[in-house]
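Colleague: Before we talk about how the pieces fit together, could you put the model up and take me through the reasoning behind the words you use for it?

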Amino acid sequence: KHRAHNTGLRSAMRTTTKKVINAIEAGDKATAESAYKDSAPVLDAMARKGIIHKNKAARTKSRLNKHVRALA
């Protein structure tokens with residue numbers, strides 16, 4: 001039961017992350033910023049719940065934000 005619940009949470013986290021990545025690859029800065037703002041709290045929540053390690057959440061947010069800022 002717990003595993004099924006955690007799988008859903010992990011999937012939702014990956015979906016929000018992919019939205020940011022897709023916006024970055026499309027070169028759409030406004031959409032990427034918006035998607036990042038939605039994704040960051042989700043990553044923090046997953047770290048808080050123990051789904052992912054807190055350093056992984058920080059690393060992922062840092063890398064995504066770096067790419068978003070690099071868009072012209």
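Modeller: In this predicted model, Lys 29, Ala 32, Glu 33, Tyr 36, Ser 39, Ala 40, Leu 43, Asp 44 and Ala 47 of α2 meet Lys 54, Ala 57, Thr 60, Lys 61, Leu 64, Asn 65, Val 68 and Arg 69 of α3. By class, that contact of α2 with α3 has eight nonpolar, three polar and six charged residues.

Colleague: What makes these residues count as a contact between α2 and α3?

Modeller: Contact means heavy atoms within 4.5 Å, and the residues of α2 and α3 just named meet in that sense.

Colleague: Why is α2 called roughly antiparallel to α3?

Modeller: The two helices pack at an angle of about 175 degrees, with their axes 9 Å apart. Angles over 145 degrees count as roughly antiparallel, and α2 is therefore roughly antiparallel to α3.

Colleague: What is the angle between α1 and α2, and why does it earn a name?

Modeller: The axes of α1 and α2, the latter being residues 29-49, come within 9 Å and cross at roughly 155 degrees. Because the cut-off for roughly antiparallel is an angle over 145 degrees, α1 is described as roughly antiparallel to α2. The crossing in which α1 passes α2 is left-handed.

Colleague: Which residues bring α1 and α2 together?

Modeller: From α1 they are Leu 9, Met 13, Thr 16, Thr 17, Lys 19, Val 20, Ala 23 and Ile 24, and they meet Thr 31, Ala 32, Ala 35, Tyr 36, Ser 39, Val 42, Leu 43, Met 46 and Lys 49 of α2. By class, the contact of α1 with α2 has eleven nonpolar, four polar and two charged residues.

Colleague: Why, then, are α1 and α3 called roughly parallel?

Modeller: Their axes come within 10 Å and cross at roughly 25 degrees. Since angles under 35 degrees count as roughly parallel, α1 and α3 are therefore roughly parallel to each other. Here too the handedness can be stated, for α1 passes α3 in a left-handed crossing. Thr 17, Val 20, Ile 21 and Ile 24 of α1 make the contact with Thr 60, Leu 64, His 67 and Val 68 of α3, and by class this contact has five nonpolar, three polar and no charged residues.

Colleague: How many helices and strands does the protein have, and in what order do its elements run?

Modeller: There are three helices and zero strands, and from the N terminus on the elements run α-α-α. Taken along the principal axes, the C-alpha atoms fill a box of roughly 45 × 20 × 15 Å.

Colleague: What lines the largest pocket, and which helix gives the most to that lining?

Modeller: The largest pocket has a volume of about 220 Å³ and is lined by 14 residues, of which Thr 17, Lys 18, Ile 21, Thr 60 and Leu 64 lie nearest its centre. Both α1 (2-26) and α3 (54-70) supply at least two residues of the lining, and α1 gives the most, with seven. By class, the lining has six nonpolar, three polar and five charged residues.

Methods. Residues are numbered from 1 along each chain as its sequence is written. This is a predicted model: local features need pLDDT of at least 70, side-chain atom pairs count only at pLDDT 80 or more; totals for chains, interfaces and linings use all residues. Side-chain values use heavy atoms; hydrogens and water are left out. On a 1 Å grid over the protein atoms alone, a cavity is a set of points where a 1.4 Å probe fits but cannot get out, and a pocket is an open set with protein on both sides within 12 Å along at least five of seven lines; lining residues have an atom within 4 Å of a point. Grid points are joined across faces, edges and corners, and a volume is the space filled by probe spheres set on the points. Helices (H or I, at least four residues) and strands (E, at least two) are DSSP runs, numbered from the N terminus. Ala, Val, Leu, Ile, Met, Phe, Trp, Tyr, Cys and Pro count as nonpolar, Asp, Glu, Lys and Arg as charged, and the others, Gly among them, as polar. Axes are lines fitted to C-alpha atoms, for helices over the stretch in contact, and angles run from 0 to 180 degrees between N-to-C directions. Angles under 35 degrees count as roughly parallel, over 145 as roughly antiparallel, 65 to 115 as roughly perpendicular and the rest as oblique. A crossing is left-handed if the near helix is turned anticlockwise from the far one by less than a right angle, and right-handed if clockwise.
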